[in-house]
Amino acid sequence: MLDVEKERQQNNYLRLCILRACTECRAHFKKLTVCEDIIRKLLPFTESNDPTVRALTLRLFGILNEITRDHLGVHHAILKQIESHYEVESDAAVWACHTIAPISSVFAGSLCPILCKILNNLSIDMDTKLKLLYLGKHMHHNSVVADKIRHCLTQMLETYNTTNFVTGILDTLTVLETRAPLHVPIQIDLLIKRLSIEQRPPLRQSILWNLLTLAENVSHHFDKSHILELSSLYHVKDCSKMDKSLILQIFYCLTASFHSVEFLTLPSGEFNTVRYYTPVDCIKSALQDDSSSYLLIRAIQLACKLTILKGENDSLKNTADDGSFEFSLDNDSAFQFNPGQFIQLFLYHFNVSVKDDVGEVSRRKKLWYLYDSQIPTDDLKCTYNLLVEFFSTFPLYTSKLHKMNFLEGLKLDGTVSTGLLSQFLCTIYAKLSQFLFPNPSMTTEVDTDINSVQLNYVNVLSKLTDSVKIEDSLSSTSSSPSAPTQNCITSVLSTIGLVFQLTGGSPLTQKEQIILVHSVAKCLGEEIVSSTVTSNSSGYRLSPWIVYQLARQANRYGQHEFAGKLYEKLSSLTITEKSHFWLTGLCEFSRMESKLINLTRNLEHDVQETLLIVNSLADSSTHSTTSRKQSWVVKLIQGLRTASEDACKIQTTIMCVGGSDGRWFQANYIQIRSLLLNSLSNLCSTVHHALRIRRWSGSIFMNQSCKSDPSHLQTSQCTLFNMNTPSNVIWLSNCVESWNTLLQEISKLRAQCLDADLETHRHLEAYPFCDY
């Protein structure tokens, strides 16, 4: 930069390019070892006659904040130009202050008196003060500086009443308290007092956002009086629906504080014949207001969170088995935050349409939370997360979800709300599948059609197919659809993942696979119309990338046979050799996993049949039982060996994709998979061979009664091995080496992927090995 100044003193464009280059690589400035030399060469530019040169230099100092944070010369150069008459220079100085003050207590201490002096000076124009007052949020390094800037800003709040000034001052004071929580209760009182007298809607919302910021960061500073005052402000006439929604959001953030939960669940009452409002009254008011969806969803979130925190279990009452719900929550009724009352509230507001006094159906329809544009996506995610937490805390209420008719909301329409619903149902099924379905012995005669609404993959797949037919008939009259977005693809994949999850690992039939692919193609594919002389036919073509994502989703939920077919179709469409080997490797891997699943299912049937024979045929010969027992053991050993050999071949195929550097993780993982299968095969073979040659004769059973009576095979005393025999230790010692090798390979892989995601580490930690 010095050479540029000497040779071309009037060219500021090159200086701007240098500034942009430094901005791109600012993360590497911490490694510089010539910091003092750089600053010494840059300081003369602050004395240039060109204000643009001075501004560019100040901005460069801000970018180099890690090496200029403690340099007093740089501090002086920046502070000197804050009051510059050139706007470009003063803006650059203020920007440099914003970058250095948060990380330098020395600079913040020097800036504070200058800042207070300028803000208290009545001759300074309003725009300059408005620009400088936001620097007060960085005065958090010590209590003296924080108290001084707070006193200055609160005095300005009494003098200036414009919307911009009040908003800027309150925002600055709030951020300052979150960083240096010295006067948080005073700040809360200030905001609530200002909210009670303020009539301007933008300013009221700004105050509520500041209270929300304090509730998110320092919720333990809110006391009972603050919560009751906010509840009273909720019921004033000037409080808009957006203000009410923010107040409910503040209450929800306060649930993070343990002592606030007691204040949030206080019942309404009177004191000296004056009624005071509580958050319970705010929840009741929001639930009775049918005109605002986002207000209702916030009230349900708050009620759900408080019910979870209270944790008082009870029995569900007043729930009709015919699907009708009668729920009334007026001003005189009590809301006690028990799960039974909340589930009634949830079923009533989320499942049925509400009628007004005239009898006309209101704007809220069934499944309104899926299609109402007023509800943000983040609020919908929060609601589903709270429901998962609620049903995990009170699992007995999970069986009531069948009355929600969630199947009505499952469609292959590609909307974000449908994708979130599918993810919610997937989570519920994975965590609480044993509580999800109602007990058949408790169902009444009214529940004859209960199977039609139960959450199983047959109902879901049928619903998705029907929804695609309806959407197809509606879109046939409209214009050609546009290409699907990534959010649309993610939503459809989440819905398909629900189908895979509900199968429980059972492979889809050939017909179900075809129906599923055709449904996805109609939703995400491109329509192809071919006209001939005799007939007109139409079809849909899916993008290879969507097909690949669908196959990966099938692998994730254990539908390896379906995934293998998709990979095989894709491998024939590849252009490059690497893509062909990659898809071929995935296809072979899916087939291997499919064979293992089929082997497991067949062996499970054989083992159960063997146990039945052992327990029932006490008078039969031992030879038939032993031969049957040996048959499934041999199948197990042979299946594990075949899978291990297939995994070795797959590893070779994966290595052809890009060598050891291209797909090293996949190759190493498949190698570990092969070692695991081989070790299991060797262990089973060793034990089986030892039993066959009677090496463990007399030590399999712990007592003679187990030998004489085979019906005792299932008892714990008869299934323990006697490891005191030296020959037994010799047979097992032959397997130790392979398991130790496997453990070393897993440790090596975990050490090589330290930067992997959390799910990968959890998967690698799932191998239960011991160090021998």
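**View 1. Glu745 and Lys748 sit about one helical turn apart in helix H32.** Being 3 residues apart in helix H32 (residues 726-752), Glu745 and Lys748 are separated by about one helical turn. Helices here are DSSP runs of H or I with at least four residues, strands are E runs of at least two, and both are numbered from the N terminus. An α-helix has 3.6 residues a turn, so residues three or four places apart point the same way. The two side chains pair up in a salt bridge, with 3.9 Å between the closest N and O atoms; the term asks for a side-chain nitrogen of Lys or Arg within 4 Å of a carboxyl oxygen of Asp or Glu. Lys748 is partly exposed, at a relative accessible area of 46% (buried is under 20%, exposed over 50%, partly exposed in between, with a 1.4 Å probe and protein chains only). A word on the source: this is a predicted model, where local features need pLDDT of at least 70 and side-chain atom pairs count only at pLDDT 80 or more, while totals for chains, interfaces and linings use all residues. Residues are numbered from 1 along each chain as its sequence is written, and side-chain values use heavy atoms, leaving out hydrogens and water.

**View 2. More salt bridges, at Arg69 and around Arg194.** The structure holds 15 salt bridges. Arg69 has one with Glu66, at 3.7 Å between the closest N and O atoms. Arg69 counts as partly exposed at 27% relative accessibility, and Glu66 is partly exposed too, at 32%. Glu198 and Arg194 meet at 3.6 Å, N to O, and both of these are buried. Add Arg200 and you get a salt-bridge network linking Arg194, Glu198 and Arg200.

**View 3. Leu211 and its contacts.** Leu211 belongs to helix H13 (residues 201-217) and is buried, with a relative accessible area of 0%. Skipping neighbours within four places in sequence, Leu211 is in contact with Ile188, Leu191, Ile192, Phe222, Leu230 and Ile250 (contact means heavy atoms within 4.5 Å). Ile188 is 23 residues away along the chain, and its C-alpha atom is 6.9 Å from that of Leu211.

**View 4. Helix H26 and the glycine just after it.** The 13 residues of H26 (residues 544-556) should span 18 Å at 1.5 Å a residue, and the end C-alpha atoms are indeed 18 Å apart; the expected span is 1.5 Å times one less than the number of residues. Buried residues of H26 include Ile546, Val547, Tyr548 and Leu550, along with Gln549 and Asn555. Just after H26, Gly558 takes a positive phi of about 85°.

**View 5. The second largest cavity, with Gly558 in its lining.** This cavity has a volume of about 60 Å³. Its lining is made up of Gly505, Pro507, Gly558, Gln559, His560, Glu561, Ser594, Ile597 and Asn598. Helix H27 (560-571) and helix H28 (577-616) are the elements giving two or more residues to that lining, and H28 has the largest share, 3 residues. On a 1 Å grid over the protein atoms alone, a cavity is a set of points where a 1.4 Å probe fits but cannot get out, and lining residues have an atom within 4 Å of a point. Points are joined across faces, edges and corners, and the volume is the space filled by probe spheres set on them.

How values were computed:
On a 1 Å grid over the protein atoms alone, a cavity is a set of points where a 1.4 Å probe fits but cannot get out, and a pocket is an open set with protein on both sides within 12 Å along at least five of seven lines; lining residues have an atom within 4 Å of a point.
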